[in-house]
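I am opening a notebook page on this structure and will write down what I look up, entry by entry.

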Amino acid sequence: MVPLGAVLPPSITGDVVEVHARWTASHDRIVTEATVTTPDGPVVVSQLGGSVDGVAMRSMPGPPLIEAGMTVRLAVHEGRDLADRVHVAIDDVEILGGTRFVRTGPTKSGKSIYWESGCVFLVVDPAGTKAVPDATLGPAVDASIAVWNDDAAACSYIQVMQQAAPSGVLEVGNDGMNLLKFRDASWCRPAVNDDLPRCYPDAAAGITTAVFIDDAKSKRDGAILDADIEINGVDFAISVGGQSASLQACHAELQNTLTHEVGHLHGLEHTCRVATDPERVDNNGRAVPFCSDTTDPAILNATMYPFQECGETSKEVLSADDKNAICVIYPTADDPGTCAAPGSGKSGGGCCDAGGSPGAALVLAAATSLLLSRRRRGAIS
Ligand SMILES: [Zn+2]
């Protein structure tokens with residue numbers, strides 16, 4: 001820790017790791033306080049403005065508000081409040097880099113999607129896949145979930161948990177059951193009474209479909225009601241540790257594909273855009289670049305980068321940006337304290353199931369996210 005009263009250089013450079021905004025006791029101004037990790041130790045800094053209790057305060061003109069995940073150079077000075085406590089005040093902010101993560105959405109009113117509950121229940125289809133025996137499938141699934149739960153546990157409450165599968169044939173859909181489904185015979189969602197089969201791009205190794213509330217009039221705008229993950233065993237050899245019974249030439253390591261898809265399950269979007277994607281902004285409001293136009297390692301090395309190579313395993317490990325995303329969206333301080341399995345009969349503290357039937361008044365939307373493979377180089381623009 002840099003001691004208060006030490007002579008600070010006029011600028012400090014480091015990573016913003018913790019941010020909270022508060023009203024002053026007089027309730028007439030909002031200040032944002034943050035911890036910045038510097039080579040000399042952490043420094044707590046204070047900035048006028050911020051957002052708390054649904055109210056935001058900004059001075060215009062003024063420097064950007066610092067946020068967790070940013071790498072910044074700050075112009076600072078020390079000052080004292082009326083109680084003679086020393087604060088390190090921010091005079092100016094230069095954003096050097098940092099947060100690149102992108103959230104799924106927005107809803108029509110501009111919200112990103114999110115889970116309301118403290119945990120998300122996932123059912124693994126017991127039908128599994130012919131490509132990999134159940135004995136190796138299970139640990140790969142467990143590891144893909146655990147990396148998100150464990151890597152962000154120091155700063156986030158959200159946990160993905162596995163729920164026992166009900167009997168019968170399980171299919172994806174808005175039923176309150178978040179399903180992990182392997183498709184060996186057809187890379188399509190099958191036909192139903194009044195809808196045809198819906199097939200997916202054959203370059204997609206996995207797809208996640210979320211159903212969420214898209215209703216500006218609802219306090220729950222953006223809340224995810226159901227999310228299902230499907231894994232492509234038709235165009236790829238689903239493999240674990242390089243082993244697969246499939247004859248497809250391109251191995252798609254399950255843990256690589258699934259770790260990425262579990263990021264979508266959390267409400268994360270890709271860190272860069274493909275040609276067909278609409279314009280988007282990242283969590284700091286910066287335009288998300290085309291994947292073909294960026295060399296930013298924070299984008300290219302993220303688990304939420306939208307492409308994988310045959311046999312790739314690098315997405316099995318989260319980048320700092322992926323971890324930070326979970327801690328910003330689901331920070332420990334905001335833990336709703338609810339974690340009830342769908343159908344358990346528990347109210348979960350009055351919040352919500354992981355799924356559940358939406359009220360008739362709620363307008364819903366669906367978002368799909370693909371993990372594309374680069375197996376056909378040149379097809380990617
Ligand atoms: Zn994806």
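**Entries on helices and burial**

I began with helix H4 (residues 320–329), which I found to be mostly covered, since 8 of its 10 residues are buried. I should keep in mind throughout that the model is predicted. The buried residues of H4 that I listed are Asp-321, Asp-322, Lys-323, Asn-324, Ala-325, Ile-326, Cys-327 and Ile-329.

Next I asked myself what covers the buried residues of H4. The cover includes strand S8 (102–103) and strand S18 (268–269), together with H1, H2 and helix H3 (297–300).

As H1 and H2 both appear in that cover, I then looked up how these two helices lie to each other. The axes of helix H1 (residues 134–151) and helix H2 (residues 254–265) come within 9 Å and cross at roughly 40°, which means that H1 is oblique to H2. I also noted that the crossing of H1 and H2 is right-handed.

On the H1 side I wrote down Ala-140, Val-141, Ala-143, Ser-144, Ile-145, Val-147 and Trp-148 as making the contact, and on the H2 side Leu-254, Gln-255, Leu-258, Thr-259 and Val-262. When I sorted the residues of this contact by kind, they came to 9 nonpolar, 3 polar and no charged.

Last, I turned to the chain as a whole, where I found 4 helices and 20 strands. Of the 381 residues in the chain, 42% are buried. Among the contacts in the chain with a separation of 6 or more, I noted that 69% come from residues 24 or more positions apart.

How values were computed
Residues are numbered from 1 along each chain as its sequence is written. This is a predicted model: local features need pLDDT of at least 70, side-chain atom pairs count only at pLDDT 80 or more; totals for chains, interfaces and linings use all residues. Axes are lines fitted to C-alpha atoms, for helices over the stretch in contact, and angles run from 0 to 180 degrees between N-to-C directions. Angles under 35 degrees count as roughly parallel, over 145 as roughly antiparallel, 65 to 115 as roughly perpendicular and the rest as oblique. A crossing is left-handed if the near helix is turned anticlockwise from the far one by less than a right angle, and right-handed if clockwise. Two residues are in contact if their C-beta atoms, placed from the backbone, lie within 7 Å. Ala, Val, Leu, Ile, Met, Phe, Trp, Tyr, Cys and Pro count as nonpolar, Asp, Glu, Lys and Arg as charged, and the others, Gly among them, as polar. A residue is buried if 20 or more other C-beta atoms lie within 10 Å of its own, exposed if 12 or fewer, and partly exposed in between; C-beta atoms are placed from the backbone.
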